[in-house]
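Please explain how the features of a folded chain may be read. The dialogue below takes them one at a time.

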Amino acid sequence: MTTVEAPPMLQNLGEFGRLLDLYRERQPARVLEVGAGEGGTLYKWLTNAPAGSKVVALDDRHQNRGAYPNWVPEGVELVTITGSSHDPDIIVDVANHRPYDWVFIDADHHDHAVRQDWRHFSAMAAPGGVVALHDIAPSRDPTIHVDQLWFELAHQYRTVDYCVRGGPGIGVVFLEAEG
């Protein structure tokens with residue numbers, strides 16, 4: 001891996017820093033990012049991934065795809081899947097790499113879309129895995145409705161939220177291990 005500058009990240013650094021601490025603590029072997037954008041969070045998953053892990057990045061554009069090879073440490077595998085997270089063929093492609101220990105959902109934030117992403121990709125998580133969602137705080141942006149799903153999830157699962165005043169918020173759902 002060569003030394004490169006980190007790409008832009010849309011997350012609040014205080015909120016994301018806490019999530020990254022959890023990621024480093026858990027050392028997931030299989031990671032799924034739904035909505036890579038410019039790759040800011042993908043870069044962090046890759047550069048903090050333990051050797052032997054696999055990181056799957058799903059996005060409809062992969063805006064910085066050309067830079068990805070420089071972000072991948074030795075011993076870490078990156079799989080890129082291009083398409084909509086709601087396309088049945090894409091969902092099958094993503095499922096081929098399951099189970100995931102870590103899922104980060106940050107794609108289409110409309111209510112119906114984030115619910116579909118939750119339904120499809122949380123089902124691909126390993127028992128004891130983590131699913132994190134971005135933009136869980138109520139928003140005045142008419143395209144962001146993650147807070148509605150988050151409210152429901154926070155009452156059904158063990159969760160933690162990383163929110164700073166005025167920030168978009170990151171929510172973490174801990175899926176129970178079997179047994």
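Reading charges, rings and cores

Q: What does Asp111 count as, by its relative accessibility?
A: Asp111 counts as partly exposed, at 23% relative accessibility. A residue is buried under 20% relative accessible area, exposed over 50% and partly exposed in between, with a 1.4 Å probe and protein chains only. The model is predicted, so local features need pLDDT of at least 70 and side-chain atom pairs pLDDT 80 or more, while totals for chains, interfaces and linings use all residues. Residues are numbered from 1 along each chain as its sequence is written, and side-chain values use heavy atoms, leaving out hydrogens and water.

Q: Which side chain meets Asp111 in a salt bridge?
A: Side chains of opposite charge can pair when their charged atoms come close. Here Arg115 is the partner of Asp111, at 3.0 Å from N to O; the rule asks for a side-chain nitrogen of Lys or Arg within 4 Å of a carboxyl oxygen of Asp or Glu. Both residues lie in helix 5, 4 residues apart, about one turn of the helix. Helices (H or I, at least four residues) and strands (E, at least two) are DSSP runs, numbered from the N terminus. Arg115 also forms a salt bridge with Glu152, at 2.8 Å. That second pair links helix 5 with helix 6, and its residues are 37 apart. Asp111, Arg115 and Glu152 thus belong to a network of salt bridges.

Q: How many salt bridges does the structure hold?
A: The structure holds 4. One of them joins Asp21 and Arg24, at 3.7 Å. Because these two are 3 residues apart in helix 1, about one helical turn separates them. Arg24 is partly exposed at 38%, and Asp21 is partly exposed at 46%.

Q: Where is Asp135, and is it buried or exposed?
A: Asp135 is in the loop between strand 5 (125-134) and helix 6 (146-156). Asp135 is buried yet has no salt bridge, and the nearest side chain of opposite charge, Arg61, is 13 Å away. Lys and Arg count as positive, Asp and Glu as negative, while His and the chain ends are not counted. The side chain of Asp135 does make a polar contact of 3.1 Å with that of His134. Such a contact is a pair of N or O atoms within 3.5 Å; within protein, one must be able to donate a hydrogen and the other to accept it, and residues adjacent in sequence count only if both atoms are side-chain atoms.

Q: How is the pair of Tyr23 and Trp45 arranged, and what does it link?
A: Rings of Phe, Tyr and Trp (its six-membered ring) pair if their centres lie within 6.5 Å; planes under 30 degrees apart count as stacked, over 60 as edge-to-face and the rest as tilted. By this rule there are 8 aromatic pairs. Tyr23 and Trp45 are tilted, 4.8 Å centre to centre with 40° between the planes. The pair links helix 1 (residues 13-26) with helix 2 (residues 40-47). Trp45 also meets Phe104 edge-to-face, at 5.5 Å and 70°. Since Phe104 lies in strand 4, this pair ties together parts 59 residues apart in sequence. One aromatic cluster is formed by Phe16, Tyr23, Trp45, Trp102 and Phe104.

Q: Which residues of the largest nonpolar core touch the most other members?
A: In soluble globular proteins, nonpolar side chains tend to be buried together. Of the 27 residues in the largest core, these are Leu32, Val94, Val103, Phe121 and Leu133. A nonpolar core is a set of buried Ala, Val, Leu, Ile, Met, Phe, Trp, Tyr and Cys residues joined through side-chain atoms within 4.5 Å. A second, separate core of 26 residues includes Leu22, Tyr43, Trp45 and Val72.
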